[in-house]
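Subject: Structure for you to look over

Hello,

Here is the structure we spoke about. Please open it alongside this note.

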Amino acid sequence: MSEQEPSMRVTLRDVYTIVMDLKSQLEKLNQNLPTTAQKLEDHEKETKEQFEDFENRLRAVERRVWQIFGVAGFVAAAMPIIVRFLDV
């Protein structure tokens, strides 16, 4: 006897049901798309503002560090002269 392979029948009604489900899901996604795009734009703007604020604060810290190094260099250069005057 020949063995029959298992088979499955897909009717047009099954295909139609699946297509209608997909259409419904696509309509839901299409309705949410503008709000999602707006949320992404708002997030991008907020991130840009935070980055600019962070960059400005970092530049301020860098300026302060260079000022401290400048004062330290001046003190190091002037120290031998100060020590000579104090030894007199």
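Below is what was found in it, from the overall form down to the side chains.

This is a predicted model, so to read it: local features need pLDDT of at least 70, side-chain atom pairs count only at pLDDT 80 or more, and totals for chains, interfaces and linings use all residues. Residues are numbered from 1 along each chain as its sequence is written, and side-chain values use heavy atoms, with hydrogens and water left out.

Overall form

The protein has one helix and zero strands (DSSP runs, H or I of at least four residues for helices, E of at least two for strands, numbered from the N terminus). The radius of gyration is 37 Å, well over the 12 Å that the globule rule gives for 88 residues, so the protein is more spread out than a compact globule. That radius is taken over C-alpha atoms, and the rule is 2.2 Å times the number of residues to the power 0.38. The C-alpha trace spans about 120 × 45 × 10 Å along its principal axes. Helix α1 covers residues 12-87.

One pair gives a sense of scale. Trp 66 lies in helix α1. Its C-alpha atom is 43 Å from that of Ala 37, with the two positions 29 residues apart along the chain count.

Surface

Buried residues make up 1% of the 88 residues (buried is under 20% relative accessible area, exposed over 50%, partly exposed in between; 1.4 Å probe, protein chains only). The accessible surface comes to about 9,200 Å², and 61% of it belongs to carbon and sulfur atoms. Areas come from the Shrake-Rupley method with a 1.4 Å probe; for residues, only the protein chains shown count as cover. Trp 66 counts as exposed, at 63% relative accessibility.

Two patches stand out for a look (residues with over 30% relative accessible area and no salt bridge; like charges joined within 9 Å, nonpolar side chains, Val, Leu, Ile, Met, Phe, Trp or Tyr, within 5 Å).

- Nonpolar: Val 71, Phe 74, Val 75, Met 79, Ile 82, Val 83 and Leu 86, with about 690 Å² of accessible area together. Ile 82 is in helix α1 and is partly exposed at 43%.
- Negative: Glu 41, Asp 42, Glu 44, Glu 46, Glu 49 and Glu 52. Glu 52 is in helix α1 and is partly exposed at 40%.

Charges

The protein carries 12 positive and 15 negative charges, and their mean positions are 5 Å apart. Lys and Arg count as positive, Asp and Glu as negative; His and the chain ends are not counted. A charge is placed at NZ of Lys, CZ of Arg, CG of Asp or CD of Glu.

There are three salt bridges (a side-chain nitrogen of Lys or Arg within 4 Å of a carboxyl oxygen of Asp or Glu).

- Asp 53 and Arg 57 meet at 3.5 Å, N to O. They are four residues apart in helix α1, so about one helical turn separates them. Asp 53 is partly exposed at 40%; Arg 57 is exposed at 52%.
- Glu 55 and Arg 59 meet at 3.5 Å, N to O. Both lie in helix α1, four residues apart.
- Glu 62 and Arg 59 meet at 3.2 Å, N to O. Both lie in helix α1, three residues apart.

Glu 55, Arg 59 and Glu 62 are thus linked in a network of salt bridges. Glu 55 is partly exposed at 30%, Arg 59 at 36% and Glu 62 at 34%.

Best wishes
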